[in-house]
Amino acid sequence: MYVQPYFPQPIPTMPRAKQTEKQGKQKPYVPTPLDYQILQYVREYHFLTAWQLVKLHYSDGSLTRARVVLLRLYDEAEFLDRRALPHVGVGQPTYIYALATKGINYLKDQGFPSFSRYRPSELQQFKYPHLDHVLHLNDFLIAGRNITKVAPDITLAAMRHDLDLKRTPAKVSYVRRLPDGDRIDERVTIVPDGWMDFRLQLANSSKKRRKCIIVELDRGSETNVGEFKKKIRAYVPYAYPGGAYEAMFGTQTVIVAFATTAGERRLKTMLLWCEQELQEQRLEHEAPLFRFTALPQEELDPQTGLDPKKLFLSTVWYVPYEKEPVTLLWKP
């Protein structure tokens, strides 16, 4: 897992090597096609480790190659910034890489106009729980990208990241039923952790099936049952035809998938809270909108990553009120 010991002060990132007078007169760094591709990965996922770059671009066992290219883009090109996660024991620490100002400007020159609100200087200021959340989210999104490796007829056609979705939060208004029978108007802001658009190529046909997934990554830190239930009841009108979801993504197909890193007990708790809220709002018929799973503890290690086949094509997801698990996408 990415769970790390508590440190009162962040571990400082080693400064870039100071240029000598001779180095200062050298020609500007010229990015290679590989550099360009990796900078696009970092832009898409916002924060990346060398382990995650291996999953995205290299074959297993290529960790050294991934570390070398990231270090070059950080130290020599200064296109990336980095920060070390807390580290104990022997071996190299895990570094999180993000675009530096120079890297952002380079991609803008290449025609990429859109970047998140994140500023490079904020990398060193982020709290570790936030970085931990983003890294686990990236593991989920990267597994979706790699689904083609285990199921060639399925592709991830599009993806939206939490840090991009925060630029366009959705406002949802609805009438909430109270336990005493009264009703009140409620207005909630929704920002999913991620959005994924999958396509299944049908055999002997040019047609494709489509499934769109809203990702909600749970780390077990939300202990306020009221806040959790508010999210459940808000997602129902959010997903209504013609509502905020369709306006943002241009489709009505949607499943809201809650994946927890906190184990089976947390999974059962989330399911219970969801069922209670749907019943109180008399929305039991909306249960198929939701899916819940507990991510395997052994796959939360940064060296392992999530198995695309198990995550998306195996029966490990639960629908409220149903006993038997289902797949998130299609059965193999």
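The points below go through a predicted model of one protein chain, moving from its overall make-up to particular strands, helices and side chains.

1. **Overall make-up.** The protein chain contains 12 helices and nine strands. It has 332 residues, of which 48% count as buried. When one takes the contacts between residues at least 6 apart in sequence, 66% of them join residues at least 24 apart.

2. **The five-stranded sheet.** Five strands make up an open sheet of mixed pairing, and reading across the sheet gives the order S3-S6-S7-S8-S9. Strand S3 (154-161) and strand S9 (290-294) are the edge strands, and each has a single partner strand, so one side of each has no neighbour in the sheet. Averaged over the sheet and with direction ignored, neighbouring strands are turned by 25 degrees against each other. At the S3 edge, the pairing with strand S6 (residues 194-201) is antiparallel and runs over seven bridges; within that pairing, Met159 has Met196 in S6 as its bridge partner.

3. **A helix across the sheet.** Helix H9 (residues 225-238) lies across three strands, namely strand S7 (208-218), strand S8 (255-260) and S9, and it runs at about 140 degrees to S9.

4. **The S4 and S5 hairpin.** Strand S4 (residues 170-177) and strand S5 (residues 183-190) run antiparallel and are joined by eight bridges. Arg177 stands opposite Arg183 in S5. Five residues lie between the two strands of this hairpin, in which Gly181 takes a positive phi near 100 degrees.

5. **Val172 as an example of a buried strand residue.** Where in the chain does Val172 sit? Val172 belongs to strand S4. Its relative accessible area is 4%, which is under the 20% limit, so Val172 counts as buried. Leaving aside residues up to four places away in sequence, Val172 touches Glu186, Arg187, Val188, Ile190, Ala234, Pro237 and Tyr238. The contact with Ala234 bridges a gap of 62 residues along the chain, and the C-alpha atoms of Val172 and Ala234 are separated by 6.7 Å.

6. **Strands S1 and S2.** Strand S1 (residues 80-84) is mostly covered, with five of its five residues buried. In a regular strand, side chains alternate between the two faces of the sheet. In S1, Leu80, Arg82 and Ala84 point one way while Asp81 and Arg83 point the other way, and all of them are buried. S1 pairs with strand S2 (residues 95-99) in the antiparallel sense over five bridges, and Ala84 stands opposite Tyr95 in S2. Tyr95 also has a second partner to look at, since Arg82 lies over the face of its ring at 3.7 Å from the ring centre.

7. **Helix H3.** Six of the eight residues of helix H3 (residues 50-57) are buried, so the helix is mostly covered. The buried residues are Ala50, Trp51, Gln52, Leu53, Val54 and Leu56, and they pack against H2, H4, S2 and helix H6 (128-145).

8. **Aromatic pairs.** The structure holds 15 aromatic pairs. In one of them, the ring centres of Tyr36 and Tyr106 lie 6.4 Å apart with their planes at 90 degrees, so this pair is edge-to-face. Tyr36 lies in helix H2 (residues 33-45) and Tyr106 in helix H5 (residues 101-109), so the pair ties together parts that are 70 residues apart in sequence. Is each of these residues buried or partly exposed? Tyr36 is partly exposed, with a relative accessible area of 26%, whereas Tyr106 counts as buried at 16%. Both residues belong to a cluster that ring pairs form from Tyr29, Tyr36, Phe79, Tyr106 and Phe112.

9. **The nonpolar cores.** Which residues of the largest nonpolar core touch the most other members? Among its 60 residues, these are Phe140, Phe198 and Phe312. Helix H4 (residues 63-76) gives the largest share of this core, six residues. A second, separate core of 33 residues includes Val188, Ile190, Cys212 and Leu267; of these, Val188 and Ile190 are also contacts of Val172.

10. **The surroundings of Phe198.** Not counting residues up to four places away in sequence, the contacts of Phe198 include Gly144, Ile147, Ile154, Thr155 and Leu156, as well as Arg209, Phe312 and Trp330.

Note on methods
Residues are numbered from 1 along each chain as its sequence is written. This is a predicted model: local features need pLDDT of at least 70, side-chain atom pairs count only at pLDDT 80 or more; totals for chains, interfaces and linings use all residues. Side-chain values use heavy atoms; hydrogens and water are left out. Rings of Phe, Tyr and Trp (its six-membered ring) pair if their centres lie within 6.5 Å; planes under 30 degrees apart count as stacked, over 60 as edge-to-face and the rest as tilted. Helices (H or I, at least four residues) and strands (E, at least two) are DSSP runs, numbered from the N terminus. Buried means under 20% relative accessible area, exposed over 50%, partly exposed in between (1.4 Å probe, protein chains only). A charge sits over a ring if NZ of Lys or CZ of Arg is within 6 Å of the ring centre and within 35 degrees of the ring normal. A nonpolar core is a set of buried Ala, Val, Leu, Ile, Met, Phe, Trp, Tyr and Cys residues joined through side-chain atoms within 4.5 Å. Contact means heavy atoms within 4.5 Å. Two strands pair if DSSP finds at least two bridges between them. Axes are lines fitted to C-alpha atoms, for helices over the stretch in contact, and angles run from 0 to 180 degrees between N-to-C directions.
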